[in-house]
Amino acid sequence: MPMPEVRSVPGRRAVCFPVVDPATRETFDEAPDQQPDELDDVVARARRAWYDWRADPTARAAALRDSADAVETAGDDLARLLTREQGKPLAESHAEVARTAARLRYFADLAPRTRRIDDGRPVRSEVRWRSLGPVAAIVPWNFPLQLAAAKFAPALAAGNTVVLKPSPFTPLATRLLHSVLAAVLPKDVLTVVTGHEPLGARLASHPGIRHVTFTGSVLTGRAVAGAAAASLARVTLELGGNDAALLLDDVDVDRIADRLFWAAFRNCGQVCMAVKRLYVPARLHAEVVEALVERAKTVTVGPGLDPETRMGPVNNLPQLSRVEQVTERALADGARAASGGHRLDGPGYFFAPTILTDVPPGTPVVTEEQFGPVLPVLPYRSVDEAVDAANGTGFGLGGSVWGTDLDRAEAVADRLECGTAWINHHAELSLAQPFAGVKDSGVGVAGGPWSLYGNLRPFVVHRPREAGR
């Protein structure tokens, strides 16, 4: 399937950058390294396309449904390319493609509701909704297709146009997705730009952009917010998490062990709302560690295209170095690796699934987001102590409580300072629910109708009441 056309500035030779397979460290393709001064033309074309796109909600809904069908038809090609550049097992890539199509179909059927206000005055007031204009969507490398769709599907459904920038670590599947969608969407309604910084910074600060939606680190999110402030653009920021899971003393360890392990290690731990800290009653600590170590030592780690693989590599060398650094720091501070704790032999960016015990509570693997296959297991002596520890970081994306008494577990979950709390599971979201963090985990709301209204502005019309009405 052909890649989308990339327009270059006249007289400039096209420059590309390499894309590396994280399972082999080999360059297997390249993507255009577009420059910030090219964005003026891109955004201008997006704005021109907006005038027609916003005018016909019925046509928009039909185009989004056709887009979902097109994504499903291209599913095998998209999934294989996604695994090749991101590293995740092929089954997980297929699931990501399916989720991408599902988002398009969900938002195709969602429309804002006009609201009439009756406040006793002799006027009829209606709240209607209008689109914003060109939207910038800046997406990380862990779920490049799914997170892209989480941004562009509601924006397009609301009548906006979108300029999408993927991570330079995972540009290819996004470009292929754009090629698939370009066959069913009007020209310039969705544009993909690829390249290194300062391309993203310029996109976020571009005066023609009216909404910037970003997923990534806290540090970069603050910079994005500052850049968008120059043109007073709306911002939606999902800035990661350091989710805590609390096990209560009535938990059935054998029953939850598999769910708990994969809540931490799916996508090699590279999930913003993965379990990244585990708090366990002291008397159950050894049993829980044993159950997790058994799974860590037996899970098949390897290239994502191998059908036997359950866990792929870390996506890129800087992130692998980060995972290694926080693990080594924990070990130097007195922690013990009950499993893993090191890179795996071979050419790829593989790190052994790691369970840490005896972890000092102030070490970075506990207080920061490690974003890799490393899980510290920390004992506690009272639920109050565990809740205080869970709430004791700057993050507040998600959290979970695990136990047999569901009422008690829910009461503990209600004390967590986060946007979403799960009971006896973790990191499961429906398309219809809101997803938001507190504290350093973000600004704004994604998911469900909240995403749609986040891409709209209210427009109020007053008119005198007619006699008898």
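Asn-424 is buried, with a relative accessible area of 16%, which falls under the 20% cut-off used for that label. This residue of the predicted model is also a bit of a backbone oddity: its phi is near 65°, a positive value in a residue other than glycine. As for where it turns up, Asn-424 belongs to the loop between β16 (420-423) and β17 (442-443).

Cys-268 tells a similar story. Its phi is positive too, at about 60°, although the residue is not a glycine. The setting is again a loop, this one between α9 (253-265) and β11 (275-281). With a relative accessible area of just 3%, Cys-268 counts as buried.

A further backbone feature shows up at Pro-198. The peptide bond leading into it from Glu-197 is cis, and omega sits near 20°. Pro-198 itself is part of the loop that runs between β7 (190-192) and α7 (199-205). For context, most residues other than glycine have a negative phi, and most peptide bonds are trans.

On the side-chain front, Arg-45 is worth a look. This residue sits in helix α1, which covers residues 39-53. Despite its charge, which is counted as positive, Arg-45 is buried, at 8% relative accessibility. Its side chain has a partner in Asp-188: the two side chains make a polar contact at 2.7 Å. Asp-188, for its part, carries a charge counted as negative.

Zooming out to the whole chain, the fold mixes both kinds of secondary structure, with 15 helices and 18 strands. The C-alpha trace spans about 75 × 65 × 40 Å along its principal axes. How does the radius of gyration fit with a compact globule? For 469 residues, such a globule would come out near 23 Å, and the chain has 23 Å, so the two agree.

The contact pattern leans towards long range in sequence. Taking contacts between residues at least 6 apart, 73% of them link residues at least 24 apart. Burial is common as well, since 56% of the 469 residues fall under the 20% relative accessible area that defines a buried residue.

What is left on the outside adds up to an accessible surface of about 19,700 Å², and carbon and sulfur atoms account for 52% of that. Charges, finally, come to 52 positive and 56 negative, and the mean positions of the two sets lie 9 Å apart.

Key:
Residues are numbered from 1 along each chain as its sequence is written. This is a predicted model: local features need pLDDT of at least 70, side-chain atom pairs count only at pLDDT 80 or more; totals for chains, interfaces and linings use all residues. Side-chain values use heavy atoms; hydrogens and water are left out. Helices (H or I, at least four residues) and strands (E, at least two) are DSSP runs, numbered from the N terminus. The radius of gyration is taken over C-alpha atoms; the globule rule is 2.2 Å times the number of residues to the power 0.38. Buried means under 20% relative accessible area, exposed over 50%, partly exposed in between (1.4 Å probe, protein chains only). Contact means heavy atoms within 4.5 Å. Accessible areas come from the Shrake-Rupley method with a 1.4 Å probe; for residues, only the protein chains shown count as cover. The place of a charge is taken as NZ of Lys, CZ of Arg, CG of Asp or CD of Glu. A polar contact is a pair of N or O atoms within 3.5 Å; within protein, one must be able to donate a hydrogen and the other to accept it, and residues adjacent in sequence count only if both atoms are side-chain atoms.
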